[in-house]
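Student: I would like to understand how the parts of this protein fit together. May we go through it step by step?
Tutor: Certainly; please look at the structure first.
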Amino acid sequence: MRFRVKFGIFLRGIVLAATASFAASGAAAQQGAATGQTVITAAHMLDVASGKTVDYPAIFVGPDGRITNIADARTVRWGADVRHIDLGERTLLPGLIDMHVHLTSLAEVGGYQALRYTDSFWTVVGVANAKTTLDAGFTTVRNVGSADFEDVGLKQAIEGGYIPGPRIIPAGWAIGATGGHCDSGGLPPSMDRKEPSVVDSPEEARRKVRWLHKFGARVIKICATGGVFSLGDSVGAQQLTLEEMKAIADEAHMLGIKVAAHAHGDEGIRTAILAGIDTIEHCSLASDEAIKLAIQHKTWFDMDIYNDDYILATGTANGTEQESLDKEKAIGLAQRQTFQRAVKAGVRMIFGTDAGVYPHGDNARQFAKMVEWGMTPIQAIRTATLNGAEALDMTGDVGSIAVGRYADIIAVDGNPLTDVTRLEHVAAVVKGGVLVREPD
């Protein structure tokens, strides 16, 4: 990323709820529609919990944007005052969740090229990227690192109805050590300053969490190890101590928010898990011991296994330094092999792409890579639906098409269970019961 200056009981419950709702009588569905404003229909709907396809769904949405009922469109009727969104012969899925994006970054402007732009440029870029992401079918994102609380501003503008975009869980600045991945590198000492993102003790770390939360952060991002795009550090070297990570995790959890840790190296991954960090990002060099530890602690792995293709294909054309390319070459294949081992072992997985390192809107290209490296299509889809919602503590809001959830729904041509690349070409997007991207 670019820093300027930086299913047991749960799944059965969803299946039962969706089945009961779909089996509701026509009269009950009609009554539910009478108090709402919208019904959404299509030829098919994927129940992500059961992995089964339901034909002829009629999804009723109340004025608050939440689903009130799901019925059989062949047997239910609704009045002329109910707005009908007919998505034809397509398949409906829950709106997708990307747990690792940087909306205020551009893959096309990397390295020192970013210094050519004024600070406010990146917020404006974020507005465009938010719409692009939503149009790609990602109705919820976790923005894990953004200077100047730009992601908080985007969230406020989207929720206020001023701009289109996904639901955002913002992190604001990402926390790291002096000279680490979350600190600005590549500049001479005469231009040095202590970044808002930097901490160098457990006490500073606690204060930083409180400060970030005060100004709108709803997830805390830390840099536990070095990174690909930070100059002068080792991609796998640990950069925060156990005590610092634990202070961050404890403080965040006390405030009711979760923590994500950027971590490529094995030692940093294991330390982050032991510190109580909720999700580990990248996980490139995780050992079998780290994988076992993640399973033991029920820690989520969030592995961006697509963007290696883009980074290596574009080389230095976007301003990426050769040092960063060398790091990517060293860990790209290893990360995919780690993903394969982690999936086989049963690590809990979420869908995160690091969008901003590659162009926004291409998020769904990662599904095919996940299938290529060991997942079934439904497993990959669940990482971006049920799993993402659980990791965010938002199972009552997003992640499935079920009564009580927001009507965040996408439509695709064909069957993503037999061809997961269908998700790369979303035909329509509904957010909160509103059609925000119409079929072409």
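Student: How much area is buried between domain 1 and domain 2?
Tutor: About 1,800 Å² is buried between domain 1 and domain 2, and carbon and sulfur atoms give 68% of that area. Buried area is the accessible area (1.4 Å probe) that two parts lose on being put together, summed over both. This is a predicted model, in which local features need pLDDT of at least 70, side-chain atom pairs count only at pLDDT 80 or more, and totals for chains, interfaces and linings use all residues. Residues are numbered from 1 along each chain as its sequence is written, and side-chain values use heavy atoms, with hydrogens and water left out.
Student: Which three residues supply 31% of the area that domain 1 buries?
Tutor: They are Val 48, Val 420 and Lys 431, which supply more than any other three residues of domain 1.
Student: Where are the two domains in the sequence?
Tutor: Domain 1 covers 38-94 + 404-437, and domain 2 covers 96-392; the bounds come from an automatic or database domain assignment. Their C-alpha centres lie 30 Å apart.
Student: How many residues does each domain give to the contact?
Tutor: Domain 1 gives 23 residues and domain 2 gives 22, where contact means heavy atoms within 4.5 Å.
Student: And salt bridges: how many does the rule find across the interface?
Tutor: The rule finds one, a salt bridge being a side-chain nitrogen of Lys or Arg within 4 Å of a carboxyl oxygen of Asp or Glu.
Student: How far apart are the closest N and O atoms of Asp 408 and Arg 167?
Tutor: They are 2.8 Å apart, and Asp 408 forms a salt bridge with Arg 167.
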